[in-house]
Structures are given as C-alpha cells and as structure tokens.
Amino acid sequence: MKNRLEALRKERGIRQEELAKALSVSRQTIGSLENGRYNPSILLAFRIARFFDLPIEEIFLYDEQEDTL
Amino acid sequence: MKTKSLGYLVAALGIVLTAVGLWLARTFPEAAGAMAALPYVLIGLGCGAFGHGVGALANAAVFRKHPDVAREKAIEEKDERNVAILNRAKAKALDRMFYVFGALMVSLALMGADIGVVLLLVAAYLFVAGCMVYYMCKYQKEM
C-alpha cells in the first residue's frame with residue numbers, strides 16, 4: 001500500500017529516529033513503511049494518524065488495483 | 001529486579017547441576033546405560049543454565065546503567081514488524097521441519113534402526129502436527 005509517510009515526516013522536519021521513538025517502533029519499521037515494503041497494523045496506522053493529526057486515508061492510500069482479493 | 005533474581009536463580013541452578021554432574025562422573029565412573037550418560041547431560045544442562053543466568057545478569061546490569069538502551073531493546077522486541085518477521089520465519093521453519101522430520105523417519109526406517117527410535121520420532125512428528133492443529137483451532141475461535 002502506498003503512503004505519504006515520508007513526505008509528511010519531511011514536511012514537519014522530523015527524523016526517522018524521532019518518529020520511531022514517538023510511535024514506539026524501530027527505525028527500520030519507519031523505513032519499511034516509507035518504502036511501502038511493510039503495511040502497518042490498524043493500530044499502528046491509527047497511532048501514525050494521531051501523530052500527524054490527520055485521517056488515516058490521508059496518509060495511507062488505498063489502491064483497488066493493488067488489492068488482489 | 002525480577003530478571004535479576006531469576007538470573008541469580010538460573011546461574012545457581014547451573015552451578016548445582018554442573019557440580020552434581022561432576023560428582024556423579026567421579027563417584028560412579030563405571031556406570032552403564034543411561035546412568036553413564038547422565039553426568040554429562042547434567043554438566044551440559046548446568047553449563048547452559050549458568051551461561052543463560054549470567055547473561056541475564058549482565059543484561060540487567062547494562063539496562064540499569066543505561067535505561068535508554070533498555071527502552072530501545074524493549075521497542076525492538078515489541079516492534080510489530082519484528083514480531084511479524086519472527087512469526088513468518090518460524091512458520092517457514094516449521095514447514096521445512098515437517099519435510100526434514102519425514103525424510104529422517106523414512107531414512108531411519110530404511111536403515112533398519114531400532115523400532116523404538118523410529119516410533120519416538122513418529123510420536124514427536126505427530127506431537128508437533130497436533131500442536132499446529134491445536135493452535136489453529138484456538139486462533140479460529142479467538143480471531
């Protein structure tokens with residue numbers, strides 16, 4: 001799933017380490033999320049949304065083409 | 001504190017097991033059968049437990065001096081991606097283990113190994129498969 005995490009983080013001048021610390025996850029997890037290699041759990045997605053004070057769908061972009069179910 | 005106490009306990013248990021193993025090896029040098037192997041099993045278990053206990057104590061000492069390291073380690077352990085990776089790796093390893101166990105059982109049977117050994121291996125294989133079915137049923141109900 002695509003997301004705007006990297007853009008939002010850079011927009012606010014936050015380093016990956018700082019975001020990881022604020023969300024209580026590892027820095028590698030932030031890297032993987034930004035690269036789109038890892039999709040977060042719904043709980044982590046909510047924590048990220050709360051952190052940026054945005055709705056989830058403005059951070060994580062659902063693509064029907066990508067959803068192969 | 002709990003980790004530290006447990007570390008001391010496991011290390012002490014390791015020393016006791018090793019000492020008992022050494023004592024058995026010295027006192028009964030001509031023991032036969034399972035009794036011949038028991039001292040060395042105890043020494044092995046004792047050394048393992050001692051190492052584990054001392055490791056836990058060293059960790060506790062480092063974490064007490066550097067709480068930031070402790071917090072980082074706690075985050076690493078609970079990190080959902082790390083947990084997902086570990087679970088996926090365990091699942092893959094279990095898949096491989098079924099093949100390895102199966103091949104080992106067939107090989108031992110063809111080699112004419114003692115039927116007790118083959119049956120023990122079959123029991124272990126079925127136990128692991130049973131555990132998998134049990135947890136599948138459990139999680140079906142829970143999730």
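In the predicted model, A:D53 is found in the loop of chain A that connects α4 (42-52) with α5 (56-59). The relative accessibility of A:D53 is 69%, and this residue therefore counts as exposed, the threshold for that class being over 50%. Along the chain, A:D53 and A:G31 are 22 residues apart, and a distance of 20 Å separates their C-alpha atoms.

In chain B, a nonpolar patch on the surface is formed by B:M35, B:L38, B:V41 and B:L45. Together, these four residues present about 340 Å² of accessible area. One member of the patch, B:L45, lies in helix α2, which comprises residues 34-65 of chain B. B:L45 counts as exposed because its relative accessibility is 52%.

The cysteines were examined next. Over all chains, a search of the whole structure finds zero disulfides. For B:C137, the closest cysteine sulfur belongs to B:C131 and lies 12 Å from the sulfur of B:C137, which is too far for a bond, because a disulfide requires the two sulfur atoms to be within 2.5 Å. B:C137 is partly exposed, with a relative accessible area of 43%. B:C47 is likewise partly exposed, at a relative accessible area of 45%. Both values fall between the limits of under 20% for buried residues and over 50% for exposed ones.

Notes:
Residues are numbered from 1 along each chain as its sequence is written. Chains are lettered from A and ligands numbered from 1 in the order in which they are written. This is a predicted model: local features need pLDDT of at least 70, side-chain atom pairs count only at pLDDT 80 or more; totals for chains, interfaces and linings use all residues. Side-chain values use heavy atoms; hydrogens and water are left out. Patches are made of residues with over 30% relative accessible area and no salt bridge: like charges are joined within 9 Å, nonpolar side chains (Val, Leu, Ile, Met, Phe, Trp, Tyr) within 5 Å. Accessible areas come from the Shrake-Rupley method with a 1.4 Å probe; for residues, only the protein chains shown count as cover. A salt bridge is a side-chain nitrogen of Lys or Arg within 4 Å of a carboxyl oxygen of Asp or Glu. Helices (H or I, at least four residues) and strands (E, at least two) are DSSP runs, numbered from the N terminus. Buried means under 20% relative accessible area, exposed over 50%, partly exposed in between (1.4 Å probe, protein chains only).
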